[in-house]
Amino acid sequence: MEGNKLQRQAACMRNALFDQGYLDEQFIQLEDLQDEANPNFVEEVVKLFYSDSARFIRNIDLTLNNSPSDFVKLDNIMHQFKGSSSSIGAKKVKQRCTQFQEYCKIGNFEGCMRTFQEVKQEHAALKKKIESYLQVARQAR
Amino acid sequence: MQFHVLAVDDSVIDRKLIERLLKTSSYQVTVVDSGVKALEYLGLVDDEIANTNTDSNPISTIKNHHEVEVNLIITDYCMPGINGYDLLRKIKESTTLKNIPVVIMSSENIPSRINNCLEQGAEEFFLKPVKQSDVNKLKPHLMRGKGKENQPNFVVNKRKPMAECLSPDRIRTKYNYI
């Protein structure tokens, strides 16, 4: 593919991520921190997010399997997960994290279970889209 | 002159972010992942050990008078173990470290938390995710800190009434909950 086409494709994919609400303006902050001296900053942060958040997901899964539910612990783990999501601009993931925390606060186990599935879904959906975008953006450079 | 900032955060993502943000301002950056490690780096833990342990190793006492100079400390609030507020308090209670400006970061906009930190001597309170515009606010605090070093008998200044010394952004934060 010509460089031009790749750049247009990358721009298109990037716009879609914002338009469809997957990313918010915090992602632009990350992009602004990328330069010639740090050409892969965005990719590095995203990779770090996914390796780090796998840990949170595992811990929440384990904690949800314990009975009785430790809602304080669940809320604490999710607080950290939400923080990381917020730092990379993962808008939909962050929204689901907030919902999960709300169910924790009222001790609603069913709500937690359901919302956690949604967190995982959004987390996985973003991963696919953002990795595809970053790959094309890299090729287009 | 180059300023040296110590950043403290238990989140690996936020550590990477704050490091990069600080480096864009050409600051020298040291990043640690806990309040305990921050205290060790600042030599405070050695202080306590040296004071309580009568047969303390001379080397650990020498370590108190560290060559490392820190011009500003920026720390997350929510951390396991010693949180940002405790770290702030220990720094302000230390004769050697109390003049180092401290900035707190938090993902939660809780007015009482913000006010407590500012009352305890924090220069700024940044809401996460921290942005470039936040980091740009550090310069005056760093400049002021450098000035104080040249006055060894500097007396702790009386704090002005809160409203007088808050920047517009902080006032905005303070009144958000009304």
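**Exercise 1.** In this predicted model, determine how many residues each chain brings to the contact of chain B with chain A.

*Solution.* Count the residues with heavy atoms within 4.5 Å of the other chain. Chain A brings 18 residues and chain B brings 17 residues.

**Exercise 2.** State the area buried between chain B and chain A, and find which three residues of chain B supply the most of what that chain buries.

*Solution.* Step one: the size of an interface is often given as the accessible area lost when the parts come together. Step two: for chain B and chain A, the buried area is about 1500 Å², and carbon and sulfur atoms give 65% of this area. Step three: on the side of chain B, the three residues are B:Ile13, B:Lys16 and B:Arg20, which supply 45% of the area that chain B buries against chain A.

**Exercise 3.** Describe the polar links between the chains, then the make-up of the side of chain B that touches chain A.

*Solution.* Begin with the counts: there are two salt bridges between chain B and chain A, and five residue pairs are in polar contact, both residues at pLDDT 80 or more. One salt bridge joins the side chains of A:Asp35 and B:Arg20, at 3.0 Å from N to O. Next, look at which element contributes: helix α1 (residues 12–24) of chain B gives the most to this side of chain B, with eight residues. Finally, sort the residues of that side by type: seven are nonpolar, four polar and six charged.

**Exercise 4.** Describe how helices α2 and α4 of chain A pack.

*Solution.* Helix α2 (residues 25–32) and helix α4 (residues 71–88) of chain A meet at an angle of about 65°, and their axes are 6 Å apart. From α2(A) come A:Gln26, A:Phe27 and A:Leu30, and from α4(A) come A:Ser86, A:Ser87 and A:Ile88. By type, three of the contact residues are nonpolar, three are polar and none is charged.

How values were computed. Residues are numbered from 1 along each chain as its sequence is written. Chains are lettered from A and ligands numbered from 1 in the order in which they are written. This is a predicted model: local features need pLDDT of at least 70, side-chain atom pairs count only at pLDDT 80 or more; totals for chains, interfaces and linings use all residues. Side-chain values use heavy atoms; hydrogens and water are left out. Axes are lines fitted to C-alpha atoms, for helices over the stretch in contact, and angles run from 0 to 180 degrees between N-to-C directions. Helices (H or I, at least four residues) and strands (E, at least two) are DSSP runs, numbered from the N terminus. Ala, Val, Leu, Ile, Met, Phe, Trp, Tyr, Cys and Pro count as nonpolar, Asp, Glu, Lys and Arg as charged, and the others, Gly among them, as polar. Buried area is the accessible area (1.4 Å probe) that two parts lose on being put together, summed over both. A salt bridge is a side-chain nitrogen of Lys or Arg within 4 Å of a carboxyl oxygen of Asp or Glu. A polar contact is a pair of N or O atoms within 3.5 Å; within protein, one must be able to donate a hydrogen and the other to accept it, and residues adjacent in sequence count only if both atoms are side-chain atoms.
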